[in-house]
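Student: I would like a close look at a single part of this protein, rather than a quick tour of everything. Please explain each term when you first use it.

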Amino acid sequence: MAVAGIFLAALALGGGGQIRREDIRASAPAGLEKPMIALTFDDGPSRYSEALLDGLKERKVQATFFLLGVNMEGNEEIVKRMEEEGHLLGNHTYHHVQLNKVSGREAASEILTTNNRIFEAAGEYPIYIRPPYGEWNETLEDQVDMIPVFWSVDSLDWKLQDAGAIRKHVLETVEEGDIILMHDGYEASVEAALGIVDQLLKEGYQFVTADRMVMD
């Protein structure tokens, strides 16, 4: 597995997390019969995570969860379930800090502490990180051996707070090879996500975890 050029390209764009679809497509593995979509969730686990996991399991769909260390406290069983059901676990820092706004030592601590919490809960040490706000501190690459994962479609679920509006926004925007950013901390987001999955499965898409988008 190698770091795909899309993530370095995103850094060159000045942060913000948004990446170009053509860069994702260029790095995605070829030869698959169905077009790929990666569904990703930030900020969990939350009180809505289990409902989301139930829905994904029913649909036989795997997603990627970028977890906050602080939200894992008392929710270790949810994290363990995510791993057991085939979802990819990633790091979203401990306190949702903007990594380029804190010292290198603090940033490294935020990341490494969360990695340890994920390992303790799920027995898996993550190698992927979604930097909060899409802001990655390149100097961290010398301190933390992790691969930043950004997105190409922002569901705006945190802003819209309405399942129908979120679903409409994503379905009007999404294309083959996209990485969709959502959050599992809102009931409306969970409802919208499962609706998005149902529609895209009907259209012939397959859902993959984010690591599939960064494999050469």
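Tutor: A residue is called buried when its relative accessible area is under 20%, exposed when that area is over 50%, and partly exposed in between, with a 1.4 Å probe and protein chains only. This is a predicted model, in which local features need pLDDT of at least 70 and side-chain atom pairs count only at pLDDT 80 or more, while totals for chains, interfaces and linings use all residues. Residues are numbered from 1 along each chain as its sequence is written, and side-chain values use heavy atoms, with hydrogens and water left out.

The protein has 9 helices and 8 strands, where helices (H or I, at least four residues) and strands (E, at least two) are DSSP runs numbered from the N terminus. Of its 216 residues, 53% are buried. The part to look at closely is strand 1, together with what its residues touch.

Let us start with the rings. There are 2 aromatic pairs in the structure, a pair being two rings of Phe, Tyr or Trp (its six-membered ring) whose centres lie within 6.5 Å; planes under 30 degrees apart count as stacked, over 60 as edge-to-face and the rest as tilted. One of these pairs is formed by Phe 41 and Phe 65, which are stacked, with 5.4 Å between the centres and 20° between the planes. Phe 41 belongs to strand 1 (residues 36-44) and Phe 65 to strand 2, which makes this a link between distant parts of the chain, 24 residues apart. Phe 41 and Phe 65 are both buried.

Beyond Phe 65, strand 2 (residues 64-67) pairs in the parallel sense with strand 3 over 4 bridges, where two strands count as paired if DSSP finds at least two bridges between them. Within that pairing, Leu 67 has Asn 91 of strand 3 as its bridge partner. Along strand 3 (residues 88-91), Leu 88 and Gly 90 point one way while Leu 89 and Asn 91 point the other way, and all of them are buried. This fits a general pattern, since in a regular strand the side chains alternate between the two faces of the sheet.

Now return to strand 1, where Asp 42 is found. How accessible is Asp 42, and does that make it buried or exposed? Its relative accessibility is 3%, and therefore it counts as buried. The C-alpha atom of Asp 42 is separated by 9.0 Å from that of Asn 91, although the two residues are 49 apart along the chain. If neighbours within four places in sequence are left aside, Asp 42 is in contact (heavy atoms within 4.5 Å) with Phe 66, His 92, Arg 130, Leu 181, Met 182, His 183 and Asp 184.

One of those partners deserves a longer look. The side chains of Asp 42 and Arg 130 form a salt bridge, with 3.0 Å from N to O; the term means a side-chain nitrogen of Lys or Arg within 4 Å of a carboxyl oxygen of Asp or Glu. Because Arg 130 lies in the loop between strand 4 (128-129) and strand 5 (147-148) while Asp 42 is in strand 1, the pair ties together parts that are 88 residues apart in sequence. Arg 130 is buried, and so is Asp 42. In the whole structure, a search finds 8 salt bridges.

The end of strand 1 brings two features of the backbone. As background, most residues other than glycine have a negative phi, and most peptide bonds are trans. Asp 43, which is found in strand 1, has a phi near 80°, a positive value in a residue other than glycine. With a relative accessible area of 21%, Asp 43 is partly exposed. Then the peptide bond from Gly 44 to Pro 45 is cis, with omega near 0°, and Pro 45 lies in the loop between strand 1 and helix 3 (49-59).

To draw this together, strand 1 holds Phe 41, whose ring stacks on that of Phe 65, Asp 42, whose side chain meets Arg 130 in a salt bridge, and Asp 43 with its positive phi. Links over long stretches of sequence also appear in the contacts of the protein as a whole: among those between residues at least 6 apart in sequence, 75% join residues at least 24 apart.
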